[in-house]
Amino acid sequence: MTLPEPRADLGLREGYHSAQVDVEVRLNTNESPLPPPPGWVEQLRTAVATIEYNRYPDREARQLRVALAELHNVAPEQVFCANGSNEVLQSLCLAYGGAGRKALTFEPTYALHSHIAHLTGTAVVAAGRLDDFSLDRDLVLDVLRAEKPAVTFLCSPNNPTGNSEDRSLVKAVVDAAPGLVVVDEAYGQFADWSARDLLDDEVPLVVTRTFSKTWSMAAVRLGYALAPAPVVAMLERVALPYHLDAIKQAAGLLAVARVAEMEERVGLVVRERQRLIQGLGRLPVMVWPSQANFVLFRPEVGPGSEVWQGLLERSVLVRDTSSWPGLQGCLRVTVGTEAENDRFLAALGEVLREVGK
Ligand code: PMP
């Protein structure tokens, strides 16, 4: 007996996985360095005890959507929730991509945009960025005209480079794109501006957000989209029935009531980000400015992968992006707690001295 062949168009694409190894300082997946507020954990414990487990959860996740709508000053019909923003992106590709349609990405960017597009049978057109990782307005408009993508992915701030997309450029893309424009704002809270302001039921724009970063809830797997109501209606059609379990809905609802605590954490991460960038500036590395909770840098001595390995040997894990197209030799470090960032900077200093000998 032989097992059947999977879909031919999946090819041999590998998934997108960062190493999950046991280390003392984990700065590789852009999570929050802090656990959620103890009060939230306490409230969730009570909520979990009162769920009617023999019943399906609210299919519309109404309360959570109302709370998120209030938070962002949109209508509940303009909010779609899913299991992490990755599932939001997948739902978008299922509804607006697919066979015979194209998705446009600007590389280097979040690898899951092209990966999910491929998985949903959407052809991927990958355009480039300028040397500082910003977008070239003329090139962007040319590609939109030539390729007519059904879905255009922007990422602001962009993972893994850290820069925000320019507001006027995002507006120009939305005006010119023949299909849907998705602005992935997984790191939106750390940035100076949000594409939320451009949202309107008449505008083909979707903004995606996650609870995985600032909200300290990566384990919960909750993300959402803010979009025109007809787009949300389409996303609901492609989502599986009851896809958002009752525990997740309760967890999200309790979190949204704690915006002030979340904003405090954002402030802390932004301060630490500055300290991290200053610390990196004293070492032989090139550092890019960041509007996110991570920083991209390129060691000036030794291959990036050797520096990554040296850090791992000191129990510090960062993301090895050194072999990614357009990021030769680069590594990405997540902003951690003060103690973690100090450990990272000290370890990096040691590794660079060793590799440079
Ligand atoms: N978008 C971007 C740009 C990300 O970096 C990530 C997480 N790595 C996600 C989306 C997915 O986040 P989640 O599925 O945890 O909401």
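Here is a short conversation about the ligand site and S194 in this predicted model.

Visitor: What makes D184 a polar contact of the ligand?

Guide: A polar side-chain atom of D184 lies 2.6 Å from a nitrogen atom of the ligand. A polar contact is a pair of N or O atoms within 3.5 Å, so this pair counts. S212 and R221 each place a polar side-chain atom 2.6 Å from an oxygen atom of the ligand, so these pairs qualify as well. The protein covers 93% of the 400 Å² of accessible area that the ligand has on its own.

Visitor: Which residues surround the ligand, and where does the largest share of the shell come from?

Guide: There are 13 residues around the ligand, and the closest are S85, Y187, T210, S212 and R221. Helix α3 (residues 84–96) gives the largest share, three residues. By type, the shell holds four nonpolar, six polar and three charged residues. As for the site itself, the ligand sits in the largest pocket.

Visitor: Now to S194. Why is S194 called buried?

Guide: Its relative accessible area is 14%. Buried means under 20%, so S194 falls in that class. You will find S194 in the loop between β6 (180–184) and β7 (205–210).

Visitor: How do you know that the side chain of S194 makes a polar contact with the side chain of R209?

Guide: The distance is 3.4 Å, and the cut-off is within 3.5 Å, so the pair passes on distance. A polar atom of the S194 side chain also lies 3.0 Å from the backbone nitrogen of R196.

Definitions and conventions. Residues are numbered from 1 along each chain as its sequence is written. This is a predicted model: local features need pLDDT of at least 70, side-chain atom pairs count only at pLDDT 80 or more; totals for chains, interfaces and linings use all residues. Side-chain values use heavy atoms; hydrogens and water are left out. A residue is near a molecule or strand if one of its heavy atoms lies within 4 Å of it. A polar contact is a pair of N or O atoms within 3.5 Å; within protein, one must be able to donate a hydrogen and the other to accept it, and residues adjacent in sequence count only if both atoms are side-chain atoms. Accessible areas come from the Shrake-Rupley method with a 1.4 Å probe; for residues, only the protein chains shown count as cover. On a 1 Å grid over the protein atoms alone, a cavity is a set of points where a 1.4 Å probe fits but cannot get out, and a pocket is an open set with protein on both sides within 12 Å along at least five of seven lines; lining residues have an atom within 4 Å of a point. A molecule sits in a cavity or pocket if more than half of its atoms lie within 2 Å of its grid points. Helices (H or I, at least four residues) and strands (E, at least two) are DSSP runs, numbered from the N terminus. Ala, Val, Leu, Ile, Met, Phe, Trp, Tyr, Cys and Pro count as nonpolar, Asp, Glu, Lys and Arg as charged, and the others, Gly among them, as polar. Buried means under 20% relative accessible area, exposed over 50%, partly exposed in between (1.4 Å probe, protein chains only).
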